[in-house]
Structures are given as structure tokens and as C-alpha cells.
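Trainee: I should like a close look at a single part of this model, namely the charged pairs and the residues around them. Please take me through it in one connected account.

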Amino acid sequence: MHPFTLLKAKNAGEAINAVTNSAQFIGGGTNILDLMKMNVVMPSVLIDISAIDFKKIEMLPNGNILVGALVSNSDLAYDKIIAKNYPLLSQALLSGASPQLRNMATLGGNLLQRTRCPYFFDTVTPCNKRVPDSGCAAINGYNRMNAILGTSSQCIATHPSDMCVALAALDAIIHVQGAKEKRTIAFADFYTLPGNTPNIENTLQTGELITHVEIPALPVASNSCYIKVRDRHSYEFAVVSAAVAMEKSGGAIKQVRIALGGVGTKPWRATMAEQFLTGKIYSKQIISDAADIALHDAKTFTYNAFKPALAKRTIIKAFQNLEN
């Protein structure tokens, strides 16, 4: 690990003013410290934001939920309102990492966690996300866990978060604060596809700090679930996952949300499948057809050709869970 200076910020303004080109924020540290130990990232300054008062879960007058960026994954998962009204989010959080890590990991850090592509972590192999224009070893390498949606000729790294799959389905809103202004970013606009610049992963501007995430009041979210398929039961990243929510009226699908994990270069919202389902009478065949639509644009590689079929079955299973 390279030497660094640790600065402890008392408030958001102090943290933002301390930002330099080689500085990074640190909250729970469950991701960035691993990256530093492996020399994947080497900030000269760490700005500790853990003392800032972003640790509340509040209901807004419009019924939306405002969650501070430093709320731990455990506290968010076990919050009574979240568990009751947004079960897909609670289940997604509890499926990730271990209890010890969930106690430390924060909402803001979860949003910004980096890919677990093995070539990103291996500093002796080329990786365009780590070193721009160096190449992508995963495309012709061992790519079983890599993405099949949103890929480019420059990068096929999968986004690792479980929580973010649920937030994608919920149309969450990200609140950020910079040196000059505060602004909000729709979740759909937060992450960028790799294209020719896989090193640029989101639309945050230099020095901006995530302060809160706003979760809209969505009645459809109360009938929802998160299904995660992984190689072992705990402390494992998703091979494929699905966050699904559905509201029916008279047998017809009134509202529906579908988001996928383990398959996309960002948390993947299946909007075409949602549009196909809306207004249709619920049936096993309709759900199967929607799952096909969700994976229509999948591009597989040598070792992950099984993922489209597995993702389709995962979507179907999630809907079955909502019916039981």
C-alpha cells in the first residue's frame, strides 16, 4: 500500500473543500481499502467522512424515503419501513457480503463500489477500467462472471452491487453536493456504459459528494422480491440476480418493475420487458416472453454463454415468488 494522508472531515463542506485530484472519500472503507492494499487505486489523500451527519432514514412529506449516504447496509436492510414497503431492497442488502461487512458498508460506498472483475484487481494484466487504453484481458480470458449486457469492445466488467439492482427498479434519486451547488441525479442517469471510456463509471463531477438517496413512494414496491443466484450461499457476488415488483388489477398487470444484476456493466433495468408486460393478463407464458425480451440484446463470451438462460429462469422464479 502506498503512503497516504488521512483527513477527518467534520461536515460536507469541509470534506468537499479538501478534495484534490488524488484524493478520495472514505466512509466504511469496505471496498476502497481492499483496492488500496492491492495497488489498484493509490490516492495520496483519504478524506474520512464517517463523522458527517448523513446517518438518518427519514420519511419526507410526499411519502418518499430519504436515506443518508452513511447509513449502513444493515441499518437500511432492517429498517421497518424499508422491510415492509420495499422488500426487494431489504432482501438485496441482506444477500450481499457478510453481516460484519454490512455493518460497516455504507449506502454511498455501495453506490460507488468498483467491479470485481479479476483482471481489474490483477495489476499485471491489461484493464481499460484501471488503466485506460491498456486493453481488456477479460474479453479473451476467463469471463464466467463478466457482463453480457451493456458491454463494449473496451470492457465487459460486471457491476457488483446487489443493492443497486433494487435501487434501479425503484427509480431512486441520488442527492449530491459539490463545491458550488447541490443537485439530484436520477438513478437511470447515474451510471455510464463503458463505451470507449470504461474508466468513467458514473456522472459525478470532481469533488462531488453523495449525501442522500431518495426512494420514491411506490405502492408496487410492497409486492416485490430479490432473487440472487450465486456459487455459494453467503459472501459471494451474484452470477445472476433479479429484482422484481408487480401490481395487478383484475388479473392484469397494472405496474411492474424488473432489474437485473450479475449480467450488466451497470445495474440493468429491463424497461422493454416492463413495457411489454404492462396491461397484459398475467400468465406464465407472458412472464417467459418478457424474460426473453429482457435478455434479447445479450452478448455472451466464451465462459458466460449460460447466463442468458439462467437470467431468464431467475426472472421467472422471482415472479413466481410474488404469486406464492
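**A buried charged pair and its surroundings**

Mentor: Lys-129 and Glu-201 are both buried. This is a predicted model, and in it the two side chains form a salt bridge, with 3.2 Å from N to O. The pair joins distant parts of the chain, its partners being 72 residues apart. Lys-129 belongs to the loop between helix 8 (118-121) and helix 9 (163-169), whereas Glu-201 belongs to the loop between helix 10 (187-190) and strand 8 (209-215). Side chains of opposite charge can pair when their charged atoms come close.

A second salt bridge involves the loop that also holds Glu-201. Here Glu-208 pairs with Arg-183, and their closest N and O atoms are 2.7 Å apart. This pair, too, links distant parts of the chain: Glu-208 lies in the loop between helix 10 and strand 8, Arg-183 in strand 7 (residues 182-186), and 25 residues separate them. The two partners fall into separate accessibility classes. Glu-208 counts as buried because its relative accessibility is 7%, and the cut-off for that class is under 20%. Arg-183, with a relative accessible area of 23%, is therefore partly exposed.

A third salt bridge brings together the side chains of Arg-269 and Glu-274, at 2.6 Å from N to O. Glu-274 has a relative accessibility of 8%, so this residue counts as buried. Arg-269 and Glu-274 also belong to a network of salt bridges that includes Asp-171 and Arg-257. Over the whole structure, the search finds 14 salt bridges.

Empty space in the model may be considered next. Rolling a probe the size of a water molecule over the atoms shows where such space is left. One cavity of 30 Å³ or more is counted, and the volume of the largest cavity is about 80 Å³. Its lining comprises 15 residues; those nearest the centre are Cys-117, Cys-127, Cys-136, Ala-138 and Cys-155. By class, this lining has 10 nonpolar, four polar and one charged residues.

The second largest pocket holds about 290 Å³ of space. It is lined by 19 residues, with Arg-116, Cys-117, Met-145, Thr-158 and Phe-237 nearest its centre. Eight nonpolar, seven polar and four charged residues make up that lining. Cys-117 is thus named among the residues nearest the centre both for the largest cavity and for the second largest pocket.

Notes: Residues numbered from 1 in each chain as written. Predicted model: local features only at pLDDT ≥ 70, side-chain atom pairs only at ≥ 80, totals over all residues. Heavy atoms only, no water. 1 Å grid on protein atoms, 1.4 Å probe; cavity = no way out; pocket = protein on both sides within 12 Å on 5 of 7 lines; lining within 4 Å. Points joined across faces, edges and corners; volume = space filled by probe spheres on them. Nonpolar A, V, L, I, M, F, W, Y, C, P; charged D, E, K, R; others polar. Salt bridge = Lys/Arg side-chain N within 4 Å of Asp/Glu carboxyl O. Helix = DSSP H or I, 4+ residues; strand = E, 2+ residues; numbered from the N terminus. Buried < 20%, exposed > 50% of the residue type's maximum accessible area, 1.4 Å probe, protein only.
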